[in-house]
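Visitor: Please take one part of this model and look at it closely, strand pairing in particular. After that, place it against whatever else can be said about the fold and its confidence.

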Amino acid sequence: MTRHPYTKTAAAMLAATLVFGQPVLAATTAAPPASSTTTATTGASQRFPDVAADHWAMKHITKLSLLGIIKGDEKGKFLPQDPVTQEQVVTMAIRMMGLEGEISSLPASNVGLEVSDYAKGYIQMALEKGLIDFSEEKTLSGLTGWGKKNATREWVAKLAIRAIGKQVEAGKLGGQEPSFKDSASISVWAKGYINEAVSLKIVTGMEDGTFKPKDNVTRAEMATFLSRAGKYTADIPSKTVTGVVESITDSAIRLVDDYGKVTSYSLSNTTAYFGVQNASILATELKSENKVYLILSGSSVVYAEVLEERAKVTDMLEGTVQEITTQESAVAIKLRTADGDVLVEMDSKLSIMDAAGKGMKLSDLDEGVQVQLKRSSARAKYSSVIIVHIPINKTAEGVIQSVDQETGRLNVLEKETGAVQYPLAETVTYINNGAAGDLATLRAGDTVRYTVKIDRVTHIEMVAPYVEPSDTGRLVEYKFDKNNTIIIIQRADNRYATYTVENQAIIDIPGMDYPTYKDLYAGDMVKVLLKADDNPIATKISVTNRTIATDYYNVIVGYETDAKVLTVKNADGQLKVYELTDATRIDSSGTTIALSNAGTVLTKGRRLDITSSSTGSKVSEIRMASDYTGVITRVDSTRSEITLKVGAQVLTLKTVSGTTIEMANKVTPYLNDLPLGSSAKVTINQTSDSITRIQLQQSILHRLTERNDTAKTLTLKSDAGMNYSLSNPSYVKIFGTNKVELSAADMELGGLYNLVYSGIVLDHVEAAAMTRGKITSVDPVNGKIKISVNGGTESTMTIGTNAKVMRDGSGSWGTLSSLNAGDRVEMTKDGSGVYVLYAAKSVQRMVDYYNESSSELNILKTTMFDTSAYKLAAKAYVHSGSQTLLPSGLKNGETVTFYTIDGKIIEIEKL
């Protein structure tokens with residue numbers, strides 16, 4: 001016998017209405033009684049005058065009437081042949097879900113759909129719970145007359161699948177054609193719902209192999225199939241029990257449940273009895289071993305239905321141990337089964353063994369152990385426990401091979417057992433240097449200590465982060481051969497080391513944004529990062545110190561071809577003399593000139609840049625002046641001059657009437673429009689005496705707001721509201737914060753990116769270094785904030801009094817004084833180096849479900865106008881207190897506060 005309090009959703013009964021090949025929904029009246037009590041009454045009082053005692057659906061109509069799911073009209077009639085309307089379906093579903101009592105607590109709201117007055121509260125509740133969607137219904141059925149429209153089978157399939165929480169699964173099956181003969185007549189939007197209903201064995205279709213998606217249903221059909229749906233749910237808005245008859249008298253019936261417990265219930269002359277078929281039966285026709293379904297009023301039976309003539313009461317239970325309780329010699333096991341948690345009282349003569357038959361102890365039945373319970377007969381208590389699986393519970397140390405948060409797996413090379421894989425728990429605590437850390441920062445090679453509880457990793461602690469092997473020394477040569485690129489360095493001990501350079505190796509030179517191997521010079525002190533100690537391939541070359549420098553915009557005084565001596569006057573007017581050698585590279589507009597022909601380009605009055613050692617004794621490179629990139633320090637429109645700081649030098653250059661000026665955000669710029677402190681690239685004319693073009697180097701901050709896989713484009717939006725469409729794959733180079741080149745597919749939704757322009761041409765895209773966290777205090781006077789990143793320890797940052805704050809996507813900028821303790825922010829720097837903070841909007845809602853395929857959190861709406869789904873930004877922080885969670889671990893009905901920027905969730909806090 002199973003007792004069913006109304007604690008879970010009963011929507012599965014609705015889903016089951018499609019199982020038996022006929023459509024069926026709710027039977028409800030156009031104007032139900034003011035009282036909506038669900039207390040069962042006598043069978044006699046539930047007879048409808050228009051339903052004959054021998055009506056084919058009498059059993060089902062009686063049952064649902066006693067349960068309060070269906071009611072008669074104002075004249076007490078049931079109207080069994082009338083079609084069921086959409087508002088009647090929703091009303092029935094809300095009653096079944098036990099939400100009818102909550103309708104009165106809803107704030108008054110215009111539901112937008114045209115429905116009867118009695119149905120407005122039910123429809124509003126359905127909109128709040130996501131059973132129906134306003135915009136969808138508006139498109140499919142229209143607003144006018146929506147409630148009175150007859151419900152179709154495909155519409156019911158949609159509602160049923162949503163009601164049992166299978167929207168995500170249905171979405172994945174939307175592209176498959178249903179297996180019915182008339183699948184061509186099924187609406188495209190309904191196919192996923194119907195496919196999921198088939199996969200759950202909710203739908204079998206008609207006897208002729210069709211589904212008849214557009215057919216209507218009658219109230220009698222509705223009652224029939226809702227009644228048959230009892231096996232799909234344990235949730236009915238009244239007291240109900242199922243069990244096997246042990247004995248029956250004129251006044252009482254005794255039932256035994258699946259656990260051997262026997263309970264007695266009283267019978268009366270008003271109890272309605274029905275057999276396996278639709279016909280009513282006499283009380284005397286109930287027999288021992290009948291499996292029955294009872295509706296109770298208190299401890300009295302008002303309805304009894306035979307489900308099986310000779311029931312097979314289960315003699316085996318499978319589940320996971322939750323708790324063991326002992327009192328004297330009695331043992332009870334709390335078991336988590338597929339149908340929920342049950343408490344099983346065990347026989348005093350209890351045997352425990354593993355699957356191989358080896359005897360085990362009661363103490364072996366820890367939490368998480370998977371077991372089978374067996375008994376000798378349907379009337380006996382369970383006396384045998386077979387342990388199917390003992391979960392892993394341990395603390396160990398190892399080296400990470402990979403951490404995959406999407407699939408929830410940790411692969412680790414364990415010291416004691418070798419390579420192993422563990423699933424991640426829904427909640428994983430990660431500690432790094434004593435503070436909470438982000439699992440996404442773990443990488444292959446890190447040494448960690450971890451705790452596994454019931455087969456799942458619940459805690460990870462950093463022991464030692466992976467350190468890449470490296471070598472340091474003076475750069476001797478960077479060269480290419482037929483098959484490889486080679487770097488040769490001389491170490492401090494004067495020994496030489498040679499390494500093969502990876503194709504995508506990073507070159508890092510302080511003061512240069514995107515250097516290449518051409519910017520390396522012999523004599524540079526470098527640090528070479530290697531792929532592995534036993535696989536010495538260079539992956540990154542960083543210049544740590546260099547003894548050479550470049551002198552810009554020198555005027556040639558003369559060049560002695562035989563002596564190979566060059567005399568110049570530098571930008572400060574000083575004369576300098578350089579001796580050229582065969583090692584000197586001479587560049588003229590990208591063409592290398594042989595030293596023997598140097599006289600053809602090193603002519604008097606020409607300007608050039610000279611790269612040499614600090615003593616000037618060794619000239620590495622001479623480049624004919626063609627363009628300069630530097631910081632604008634002065635603009636003099638009267639003299640038509642612009643002053644640039646290039647490296648450590650200051651150059652004053654002339655403009656002429658034909659000089660063009662290009663700015664990405666201005667159509668016709670003038671010299672005075674060039675902002676001081678900004679970067680610009682100037683192009684010199686052939687005679688090196690004036691500027692032909694000025695291209696303002698601008699870095700404009702954008703956020704990646706949309707991916708369109710069909711059009712293969714990505715949309716980035718600036719703070720000014722301007723959109724830029726980037727192709728995928730992109731024709732411009734994209735760099736990460738570590739200056740490694742990325743593909744467009746690597747760009748993160750919700751991420752911040754600087755679009756870097758040279759004049760009006762997009763030169764490249766850079767990922768902006770971004771920090772997300774919780775503000776704990778603000779000092780606007782001194783330009784300081786305290787921030788906690790992902791629940792970690794507070795850190796104080798000086799970000800300047802000129803920092804800009806944009807709150808809740810308002811589009812307008814404020815100052816630090818507009819920030820408050822508790823605000824969640826994203827923080828970065830704009831192209832001018834000013835700190836920019838975006839303060840998130842906070843929303844508190846109850847979770848509906850998390851859609852892993854679309855990375856969306858679906859919430860239960862509080863008003864019909866609420867957004868029902870929010871996409872998570874990349875690396876969104878999901879947590880409960882200091883414990884990091886997986887978004888897939890969020891459960892229906894849980895209350896969360898989530899924080900959004902530009903409509904994307906950056907943080908979810910489970911309350």
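Guide: Two strands count as paired if DSSP finds at least two bridges between them. The model is predicted, and the part chosen here is strand β24, residues 548-560.

β24 pairs with β29 (residues 607-613) in the antiparallel sense, over six bridges. Within that pairing, T550 of β24 is opposite T611 of β29. β24 also runs antiparallel to β25 (residues 565-569), to which five bridges join it. There the residue facing I556 is V568 of β25. β24 and β25 make up a hairpin, with four residues between the two strands. One residue of the turn, K564, has a positive phi of about 55°. As background, the strands of a sheet pair through backbone hydrogen bonds, in either a parallel or an antiparallel arrangement.

Other sheets can be described in the same terms. β8, β9, β10, β12 and β11, taken in that order, form a closed barrel of five strands with mixed pairing. On average, neighbouring strands of this barrel are turned by 60° against each other, direction ignored. β11 (residues 370-374) and β12 (residues 382-389) run antiparallel and are joined by five bridges. Q370 has H389 in β12 as its bridge partner.

Further along the chain is an open sheet of seven strands, again with mixed pairing, in the order β44-β43-β42-β47-β48-β45-β46. Its edge strands, β44 (794-798) and β46 (813-814), each pair on one side only. Inside that order, β42 (residues 771-779) and β47 (residues 824-829) are antiparallel and share four bridges. G773 is bridged to V825 of β47.

Next come the helices. Helix α8, residues 191-199, is largely enclosed by the rest of the structure, because seven of its nine residues are buried. These buried residues are K191, G192, Y193, I194, N195, E196 and A197. The cover over them includes α6 (153-163) and α7 (167-172).

The largest nonpolar core has 29 residues. Those with the most contacts inside this core are I94, I123, I132, W146 and W155. Helices α3 (86-96), α4 (120-129) and α6 each supply at least two of its residues, and α4 gives the most, with five. Leaving out residues up to four places away in sequence, W155 touches Q86, V89, V90, I132, E137, W146 and W189. Among these contacts, I132 and W146 are also named with W155 as residues with the most contacts inside the core. A second core, separate from this one, has 21 residues, including V51, L66, A272 and I295.

How far should these details be trusted? The mean pLDDT of the protein is 84, and 91% of its residues reach 70 or more. Over residues 1-45, however, the pLDDT is below 50, although the model gives this stretch 166 contacts beyond near neighbours in sequence. Residues 229-237 also stay under 50, and the model has 30 contacts for them beyond four places in sequence. Where pLDDT is low, the predicted coordinates should not be read in detail.

Conventions
Residues are numbered from 1 along each chain as its sequence is written. This is a predicted model: local features need pLDDT of at least 70, side-chain atom pairs count only at pLDDT 80 or more; totals for chains, interfaces and linings use all residues. Side-chain values use heavy atoms; hydrogens and water are left out. Buried means under 20% relative accessible area, exposed over 50%, partly exposed in between (1.4 Å probe, protein chains only). Contact means heavy atoms within 4.5 Å. pLDDT is the predictor's confidence in each residue, from 0 to 100. Axes are lines fitted to C-alpha atoms, for helices over the stretch in contact, and angles run from 0 to 180 degrees between N-to-C directions. A nonpolar core is a set of buried Ala, Val, Leu, Ile, Met, Phe, Trp, Tyr and Cys residues joined through side-chain atoms within 4.5 Å.
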